[in-house]
Each structure stands twice: as structure tokens, then as C-alpha cells.
Amino acid sequence: MTARRTLAVLVSGSGTNLQALLDASAGADFPARVGVVLSNVPGVLALERARAAGVPTVIVPHQSFPGRAAYDAALLAALAPYRPDIVCLAGFMRLLGGDFLRAFPAGVLNIHPALLPSFPGLHGVRQALTHGVKVSGCTVHLVDEGTDTGPIVAQAAVPVLDGDTEESLAARIRSEEHRLYPLAVRLVAEGRLRRDGRRLVGGPAPDAPGQALRNPGTG
Ligand code: GRF
């Protein structure tokens, strides 16, 4: 295996997706490892998860900066000592500007609790329920300057059941997220994706059937 890619995981909350990436990183054949966890909110559970895994943590509260550009510059400065290749947003509740995104040509990834391009932004689970869709799910995508608009890396489908509440559907989607995010990070870290217009296309990892990798929810 070539050198493992270093991940910076950006969080604002409970960090269950961070945990999935930490657990995946513990696997000897996983092509990336979490090198730093950055939060804009002090005291969140995600920071505890990082510390428990022996991963360095950085807190950069956004309130102390006059605007997006200044905050982005502070994020870049805070991450620089850890030399991350790939940034994974995992419940990070801030938008990032072009200067930040361009600093990571290998990719800035986000996970969203809906099948994009449906239901971007806040409350993706609630929006899906309100619209009465019968299938929702989660999406890992490359981050661009829009809100959940970047090219799609991988998706997993989750059925919406008649009795679902926002909480029950969110919980089922969350378990799929924990499977999907490491698979998507593997694709990006191994350099398996290439752009074809707006699309990202590429072969599956050798140990996973293509359909299962690109859509683990139905595999
Ligand atoms: C997830 O639902 C993810 O889709 C969204 O934020 C949530 C983060 O949850 N972007 P956690 O902090 O990883 O538990």
C-alpha cells in the first residue's frame, strides 16, 4: 500500500461520523488515518472521541473572526502543522470559502443526511419526511462553494417507513452514514475517482463489488 493519506476531520457536535472514520483508520488496510480533529465548538463529544483515540484536537471558535475569509484563514493556519491531504466535514456547521477549498486539491468531503440534490441545507431528514418521499438516504460529496452542491462521491439509500419520525429516520440514515463515509474516503484516498463533467466516475476498490461500493445501502 502507498503512504496513507492524512485526514483532518472538522466537527461541531456528537461526532458519530468521526467515530466511524477513527474506527476505519484503525484498520491496517485503510488508506487514510485521522491526523487531527478540529471543532468550532468547545466541549463537544466529538473532541472526546478524538482524545480517546489519541488524535490531536484543535478548537477554532468562529465567533472571534470578522467574516468568512478571516475564519477560513484561521482554519488553514490551525490545520497546517498536521499537513492534512483530505478534509472530511462530519457535522461541521460552517460554510467554507474558495481559498480554504483550493488548499486541499485531493478533496474536501462532506456527508449529508439526504439523497442530494434533494433536500440540501439544514434539516435534510425533516425535508424528506415533509415531502413524503419513500426513499431517502445519505450522500458523501466533494465540497464546493455552494450548500451541498458539490460532485457526488457515493450515496446510500434508506427506506422511509410509514411510522417514521424525524428521529427514527435520522437514526437509520445515521447508521448508513457510518458505513458510507469510510467507503467514500477510501475511494478518494486511493485516487480512484476522476471527473467527467460534473460527475465523478471511477472503479471500485478491489475488495468490494462496484454496486455495493457506490451504493452500499442496496448492496
Ligand atoms: C450527520 O447527520 C451528517 O449527515 C450531518 O451532520 C450530522 C453529523 O452527525 N452533516 P455526527 O456529529 O457525525 O454524529
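Visitor: Which residues of helix 1 meet which residues of helix 2?

Guide: From helix 1, Thr16, Leu18, Gln19 and Leu22 meet Ala46, Arg49 and Ala50 of helix 2, a contact being heavy atoms within 4.5 Å. The residues of this contact divide into four nonpolar, two polar and one charged. This is a predicted model, in which local features need pLDDT of at least 70, side-chain atom pairs count only at pLDDT 80 or more, and totals for chains, interfaces and linings use all residues. Residues are numbered from 1 along each chain as its sequence is written, and side-chain values use heavy atoms, with hydrogens and water left out.

Visitor: Why are helix 1 and helix 2 called roughly parallel?

Guide: Helix 1 (residues 16–25) and helix 2 (residues 45–52) pack at an angle of about 15 degrees, with their axes 9 Å apart. Angles under 35 degrees count as roughly parallel, over 145 as roughly antiparallel, 65 to 115 as roughly perpendicular and the rest as oblique; helix 1 and helix 2 are therefore roughly parallel to each other.

Visitor: Why, then, are helix 1 and helix 6 called oblique?

Guide: Helix 1 and helix 6 pack at an angle of about 45 degrees, with their axes 9 Å apart, and that angle falls in none of the other classes, which is why the pair is oblique. In this packing, Thr16, Asn17, Ala20, Leu21 and Ala24 in helix 1 meet Arg174, Glu177, His178, Tyr181, Pro182 and Val185 in helix 6. The residues of the contact of helix 1 with helix 6 divide into six nonpolar, three polar and two charged.

Visitor: What makes Asp164 count as buried?

Guide: Asp164 has a relative accessible area of 14%, and buried means under 20%, exposed over 50%, and partly exposed in between, with a 1.4 Å probe and protein chains only, so Asp164 is buried. Asp164 lies in the loop between strand 7 (152–159) and helix 6 (166–189), and, not counting residues up to four places away in sequence, Asp164 touches Leu129, Pro159, Leu169 and Arg172.

Visitor: Why does Val41 count as partly exposed?

Guide: The relative accessibility of Val41 is 28%, which lies between the two limits, so Val41 counts as partly exposed. Val41 is placed in the loop between strand 2 (32–39) and helix 2, where Val41 touches Ser12, Leu47 and Ile59, not counting residues up to four places away in sequence.

Note on methods
Axes are lines fitted to C-alpha atoms, for helices over the stretch in contact, and angles run from 0 to 180 degrees between N-to-C directions. Helices (H or I, at least four residues) and strands (E, at least two) are DSSP runs, numbered from the N terminus. Ala, Val, Leu, Ile, Met, Phe, Trp, Tyr, Cys and Pro count as nonpolar, Asp, Glu, Lys and Arg as charged, and the others, Gly among them, as polar.
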